[in-house]
Amino acid sequence: MPRVSGCSIRALWILNSQDAVVFSRRFPVVERRWRASCKSDVESGTVPLLPTDSELAAAFVDRKKREGSARGFGIRVPQSVEGSDSWVDDPITRHIISLHINKEEESANHLFWPFILHMKGHYCILVLPLVEPHHLRTYSRMCKRSDCGNAIGQDEGLSSLLLALPSITGAFMVAHVLGDIIMGDAQEPEVVVITSPSVGGLLDSLTGSIGISARAKPVAATVAASTTSNTTVSGSVLSDAPRIGSRTLDKDSLRTFISSAMPFGTPLDLSYSNFSAIKSNGFSSTDLPLSDRKQPAWKPYLYKGKQRVLFTIHETVHAAMYDRDEIPDSISISGQVNCRAELEGMPDVFFPLTGLDTTRVEVISFHPCAQVPEQGGEKQAITFSPPLGNFVLMRYQAFCGIGPPIKGFYQLSMVSENEGAFLFKLSLMEGYKAPLTMETCTVTMPFPRRRVISFDGTPSVGTVSNTEHAVEWKIITSSRVVSGKSIETTFPGTVRFAPWQTQRPNSSGYGIRGITDEDSDTELESTNNVVNVEEFLMEKMSKDLQSVDLEEPFCWQAYNYAKVSFKMVGAALSRMSIDPKSISIFPAVKAPVEFSTQVLSGDYILWNTLGKCPVAVTPKI
Amino acid sequence: MAKPPSSLKPLSPQEWETLMEDYQYGGTRRRRWTSANYTALPLLQLSLSSLLRKDFPLNLKLRLLVFLEEEYLLAFEESGLEIEQTLTLILDALRPLIQAPIDGVSITYSLKDQFMLSTTSIFITATSDAVPILPQLESLIELLLTVINRPNHGLDRQTRGVACECLRELERAFPCLLSEIAGHLWGLCQSERTHAAQSYVLLLAGVVHSIAMGKANVSILNTSLPLVPFNFPQFLLGENGWGKEISSSSYKELRRVMSFLLEWPQYLTPCGLIEFMSMIIPVAVALELQASLLTVQLSGLIYSFDPVLCHALLVLCSQFPDAFDGQEGEVANRLVLMSREVQHYLVFRLLALHWLLGFIGLLKDGEGRKKKAIIGMRLSFYPTVFDSLSLKSLKLDLLAYCSILVDASMSPGGHAVLGSDVIGSGVSVVKLLEDGLVSVSGFKWLPPWSTETAVAFRTFHKFLIGASSHSDTNRILMESTIFHTSERMLVDMVLEFQGLVPVMVSFFDRLFSCYKHRWLGERLLQTLDVHLLPKVKIDNRLGSYFPVFDRIAENITVPPIKLLELLTSFMFMLVEKHGPDTGLKCWSLGSRVLGICRTMLMHHHSSRLFLGLSRLLAFTCLYFPDLEVRDDSRIYLRMLICVPGNKLKHILNIGEQLPGISPSPQSSSFFSQSFSVSHESKKSRNISSYIHLERVASLLVKQSWSLSLSSVSTGGNEPSYLEGINDNEPPYEQREFDGNADVRTLPEMEITGQRQEPLRVMDSKISEIVGILRRHFSSIPDYRQKPELKIRISCSLRFQSEPFNRIWGFDLPANTLDEEDILPAIYATVLTFSSSAPYGAIPSCHIPFLLGEPPKSDYSLGQSDSFDIVSLENGTAEEYDFKAPVMVELEPREPIPGLVDVYIETNAENGQVIRGQLQSISVGIEDMFLQAITPEDVPPDAVPGYYLDLFSALWEACGTSSSTGRETFLLKGGKGTAAIRGTRSVKLVEVPATSLIQAVERHLAAFVVSVTGEPLVNIVKDGGIIRDIIWKDVASDSAIDVTISDPNSERGPLYLKYHDDEDERGSQVHFNKKEMGCFLILIFLPPRFHLLFQMEVCDVSTLVRIRTDHWPCLAYIDDYLEALFCV
């Protein structure tokens, strides 16, 4: 019978940007289990001790050298060597890595796998979960196989290994929580009500300071040209907590969190808000358990006070707007319903899903506290027993229910090598009615590889400014909120750049470098054939494009685009809405239900209609 | 109990920090402390005393506890510390702390919690696998049990939870430790209502798990035993407690506990649930519970956005596949949706796709319908624009998997499995690939190092190798749709985007390095050869295709003809377009073309390349604008022509490992040794015993003269023997050679110093003779000015492999297919010659390549063993391959035999230089024999007549009473002069006429100027060997002959004497002597001498009359004639 593994962690390390270990924790009880299973495993040879901090750091640096970066190549490239992670040829090896530890006393080189690699801020978090010796052997075989790489769906693949190892998944959860703690990001999802802009988390509900603590109003996500979209929707909300840089690693609180969340290396409750509430509040004699019901492990405290239920719908709009006949625009919305249930006792909340149009909403997943009817999530209603504080009740992916908030086109044409003429023609909130309100809208033209000297031109609406590598057009500012009407605007202009300077890419790329460098003679030839300035420039500039990380959707710098960032309130674009009347609570109490909506832009991109653009095939069902 | 050494001074908080950090850092920093005795028991005692100090900050205490826990194994156990002693120490410290009331400053819950955790951890790590019968352990458990035995107590609920965890960990380490108090634990679970209940439940689940797994025969409901004091279960100490099976009573009890436990999942945290399931699932399997009991509680997890919970459900699925029968589609669908949830961290989206692949892998092979459902999901696998590249690449993997499934359904066997509806639905693998690649379509124009490119080619690979795994043996269908599509796409792509060439090359390399898919790469190269080469434009951009050409060139399965043609026309283009500013480009492209040629030479059989490549190289070395390229191509051309097969590959194989060619020690040592140092004189000493330079035609006279000459030559370099022997008659010629004085004055002096001859009146006959001679001499080149007269001696160089290898220490691979591989070779051999004999400067010989002779025995063995391999050609090749022809050219100053010393300098395969002296070549007098030079104005048909006249003239001039004695003749060029000093001799050879004629025909045919006497003429004419001479009948010409021959012949005293000596034996001969006729033979001896024979042939003996103007040669002639006729 195969052993069903839980999730245990042998050790974890946190490294700083200089690749020095700043924090480490070993769990001898788990290590004892590892050694025991190695002992009963015939094929295991000598079992190496866990690496010391210095050995681990050395191995990590070694891997960094071998694999080009801390994360590594991920997929097999010509530089990959046998025995390394990228030899396995799977992008996930950028997250689940192996290290070859050279023990100081022995000359032998031991393979340790799997290390969960999570990078947060300047820190690298490495977590080593417990697996069976045969898993390690399988992986070792995989990264040493001499052939050209596995076919999909083979028996000894990484996929079946990962499926069999929940400890890896658990270790990722641990790593992410630790990352949030060290960066001070561990906060609860945001819930906004009309009366008080934002409400605090679990601690606030314990101290009863709702409405009193004037929290900073969430600001719109700053426009980052190429940030990944893997931060959660609420993650774009900046907190008032001290941020990166000024922050030093609070090792003591980290240590106490670890001891409490995963005594003996086995995670029990990774909720940081629960931990910090217990740590700072403790339990008093007034915290009596209910007499009739058990108190769940995820709800150490019960709420006392004025009762109400708050919902906030958060939506993020991602769009690729092409304005071309042959490529359809694509708009997708990822949304979530944040909730804060200030209810006494352990009531159940009945939440109907009727507000969802199932043709437009396609993914729904729920908080673990929700009881989902077995037929499937899209129908009927769910019942949930709310935890304390703010929490994400459900998440969904949706298509745009009404037209896109910003339509139009962006055209940029290089009239000479250092001068571009551009034209925007946009219509905002076309066909939108109140209460949909656009609070801010900014269009940014990023030119990360060129230095902007000046620009020329006046938009019909809004103001324009430029930074060194971007031109920013503020159409709507928070002082001039637009509600219930549409705006048509154009912005013709020119932008002048500093002369192009060839920057030889220096970072280690993915593909083949060096072989092509000698072709300078062919380059010379080719430039003579190109008559078009734009093509010529394109060709010239694409020569020293750097390869992007696998976490990026494409090479942003290869394209010209404008990025729109906006914030809307009033209604959800997916037409998701909550009817306060349909929500019922058992046992019945009189508690008001409020809800608010917030729509933010994610990657909302207007591709240069005259240039190249990345596309994907939209499947037609 | 040992007291701590007094030397160990207490540490301040800062020092503790440093100590703990250094311990974790390891290495020298750690040793700093251990060497100062801050280790083992003293350190433990020190830490425990610090823990109890009130002035220490709480944080440090907590840290210290964690430190003790982490380092216990290394710091304490290693040192052979008594376990019981340490455990007692720790327990004694823990007990008062637990019982102390909370004061919020020095005693807090967190300190209690941490102390319990650390103590438990140390107890577990300190003890071995077997249950330790330690009273300390009993005490610890008892202490923990007292902590947990206060359910619903409000204030310390967290601490009670921690104590439960400690107990659970002990139970996990020592299974069934708490089995006998399971009833109490259950009771506690039921009554606990705070959030700490999770820990109680997990503790109970842990105990139940070990009971069910160990099949312990205990009653769970029984609470007769008290909770405290705690005692080890007796059955753990003996053997009888472990049941073979779960008894029916405990089975029922276990089921009851299970149904209680299964109420709990909704109250557990996600991590707690994972832990819970990992204990519950094995129990459920052991108890053979209905899986539905679990699924009812847990199947909702799939809708959670917590990745841990989703994974937990997947674990459940893989444990109870039957319970989820029919729901696989829903599970797979949820996984796809999870991968599309942008709120997740990227890694969980990647994991979801991996789980999906793993999950599909779990579906049984027979369940074709389920896999078909995967094809139905294909549309949701399409990557979207904003998916990260890693996600795109995994989604493309899934599309590749779909294509495998579709392909399988297309194959004949697949119809039955998947049914025709799938095929009918028009799923095209090509469409899957093409649509999928759109998401990374930038790879075509982005630089080749872009990540998009890497992902795209990874996808190509996945689609291409398809279902062909490396473990099974079946081959993929070469004719599969996907294969043809890929072929086409690759060709089109590389035609349009040259930037992709290096990427494609590394793609090929990847296939080539695979034992299984090598042939795929070869096939693709063949495709490129057929479809790409005709389409590429021949211009300067062709250079970007060179990496591909290189691969084509090195692949033996691709015929090189097309590529050679392409490169040839490319070279034409380069030559044609050559202009003033193309120099560097020309050089670069030209050398790269030659690089490809080199690659071809290394990998293909020379015969396959020969025609095309030699044309290309010849063209290049003649017309290419760049000198270096011309030079290189000349070298390659020479190599192609001179060096055979594998040896050529070895030469060219610099620093690379060729797949077909064994990694030879030569190539590696090629670099490690420099050329200059490798000369080893010791090894070179006996070089002549296995490297031989031999004459092709052996000398008739073999031994004697070479010996005498070599002894003379040791005396000095000057050939002084002439003076030594012949000082009464010093030939002026000799002086002339030795002294470098004025040529015209010297002869005068010599003549005056010579024996006086009576002056003769020059009659018409003599003047005619003189005329002929003048004409003759004027055509003889003066060697001092124009060295035109050369003696050529054909030789051959060979060497024996076996001694060569032995001495030079080559260990050539013995098991190579090709015979040539095991033979050594020498390269760039230079033979230099020198001689003490007056032969002038002898030009050296160069031999580019020579293969060693196979050992005789081995070779014959090889032939007899496997004549299927060693064909007839090999037999002929032996002659050809193992000997190099060498032509030794001499310019003799004097026609005498001598020895030519031979020195060799050559290179072995590893670059070692071999130098040494070979055996000398002996030069015989017959080597000096040349035909007389014919003046240019003599027409060809008059040559025989001219020769006869010349013969007659010389014959006359060389007579002792020659009237031409004082005459000097100008040599060609008009500066040097020569005079004739004749000498005569005779020799009677007693051989039958027939053998004489044969000997003449064989050795002297070229020099015969006339044959007289009818019988002889008839015989010789019939032989047909001697031609184009003057034939004369005896009747008509005998008189003239006699007169010409020698008026003094009858009075030659030697002649008569000779006959008298031979009288007794010779009379009969003399009587029977029957004159048959005469050979007249004219031999020119370089530099300007002559040897004349008149052979009067009789049937049993022959009289040879000899005249010469170089008397020393007579000494050799005698021996020569003996050898010639007496063999």
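Student: In this structure, does E891(B) count as buried or exposed?

Tutor: The model is a predicted one, and the values here are computed from it. The side chain of E891(B) meets that of R893(B) in a salt bridge, at 4.0 Å from N to O, and R893(B) is partly exposed, with a relative accessible area of 26%. Since buried means under 20% relative accessible area, E891(B), at 16% relative accessibility, counts as buried.

Student: How many salt bridges are there over all chains?

Tutor: In general, side chains of opposite charge can pair when their charged atoms come close. Salt bridges that share partners join R33(A), E165(B), R168(B), E169(B), R172(B) and E275(B) into one network. Over all chains, the count of salt bridges comes to 64.

Student: Which residue forms a salt bridge with R26(A), and where is that partner?

Tutor: The closest N and O atoms of the pair are 3.7 Å apart, and both R26(A) and its partner are buried. R26(A) belongs to strand β2 of chain A, and the pair crosses between chains to helix α4 (residues 58-77) of chain B. The partner in that helix of chain B is E70(B).

Student: How many residues apart in sequence are the parts that E439(A) and K567(A) tie together?

Tutor: The side chains of E439(A) and K567(A) meet in a salt bridge, with 3.5 Å from N to O. E439(A) lies in strand β15 of chain A and K567(A) in strand β21 (residues 561-569) of chain A, and K567(A) is buried, with a relative accessible area of 7%. Because the two residues sit in those two strands, the pair ties together parts whose separation in sequence is 128 residues.

Student: Which residues gather in a patch of negative charge on the surface?

Tutor: One member of the patch, D325(A), is found in the loop between β6 (308-321) and β7 (330-342) of chain A. With a relative accessible area of 84%, D325(A) is exposed. The residues that gather in this patch of negative charge are D323(A), D325(A), E326(A) and D329(A).

Student: Which residue is joined to W113(A) by a cis peptide bond, and which to A434(A)?

Tutor: Most peptide bonds are trans, which makes the cis ones worth checking by their omega values. The bond that follows W113(A) has an omega of about -5 degrees, and its partner has its place in strand β4 (residues 109-120) of chain A. The bond with A434(A) has an omega of about 10 degrees, and the partner there lies in the loop between β14 (419-428) and β15 (437-446) of chain A. W113(A) is joined to P114(A), and A434(A) is joined to P435(A).

Student: What is the phi of D19(A), and what is that of F264(A)?

Tutor: Most residues other than glycine have a negative phi. D19(A) lies in the loop between β1 (9-15) and β2 (21-26) of chain A and is buried, with a relative accessible area of 14%, while F264(A) has its place in the loop between α7 (251-261) and α8 (272-281) of chain A and counts as buried at 3% relative accessibility. Although neither is a glycine, each has a positive phi. The value for D19(A) is about 60 degrees, and for F264(A) it is about 65 degrees.

Student: Which residues touch the most other members of the largest nonpolar core?

Tutor: In soluble globular proteins, nonpolar side chains tend to be buried together. The largest nonpolar core holds 386 residues, and those that touch the most other members are F311(A), F384(A), F424(A) and F549(B). A second, separate core has 107 residues, and its members include I769(B), V900(B), V1000(B) and F1007(B). For the largest core, then, the names are F311(A), F384(A), F424(A) and F549(B).

Student: What separates the C-alpha atoms of L302(A) and D287(A)?

Tutor: L302(A) has its place in the loop between α8 and β6 of chain A, and at 15% relative accessibility L302(A) counts as buried. Along the chain, L302(A) and D287(A) are 15 residues apart, and the separation of their C-alpha atoms is 7.7 Å.

Note on methods
Residues numbered from 1 in each chain as written. Chains lettered and ligands numbered in written order. Predicted model: local features only at pLDDT ≥ 70, side-chain atom pairs only at ≥ 80, totals over all residues. Heavy atoms only, no water. Patch = residues over 30% accessible without salt bridge, like charges linked within 9 Å, V, L, I, M, F, W, Y side chains within 5 Å. Areas by Shrake-Rupley, 256 points an atom, 1.4 Å probe, with all protein chains shown as cover. Lys, Arg positive; Asp, Glu negative; His and termini not counted. Charge placed at Lys NZ, Arg CZ, Asp CG, Glu CD. Helix = DSSP H or I, 4+ residues; strand = E, 2+ residues; numbered from the N terminus. Buried < 20%, exposed > 50% of the residue type's maximum accessible area, 1.4 Å probe, protein only. Core = buried A, V, L, I, M, F, W, Y, C linked by side-chain atoms within 4.5 Å.
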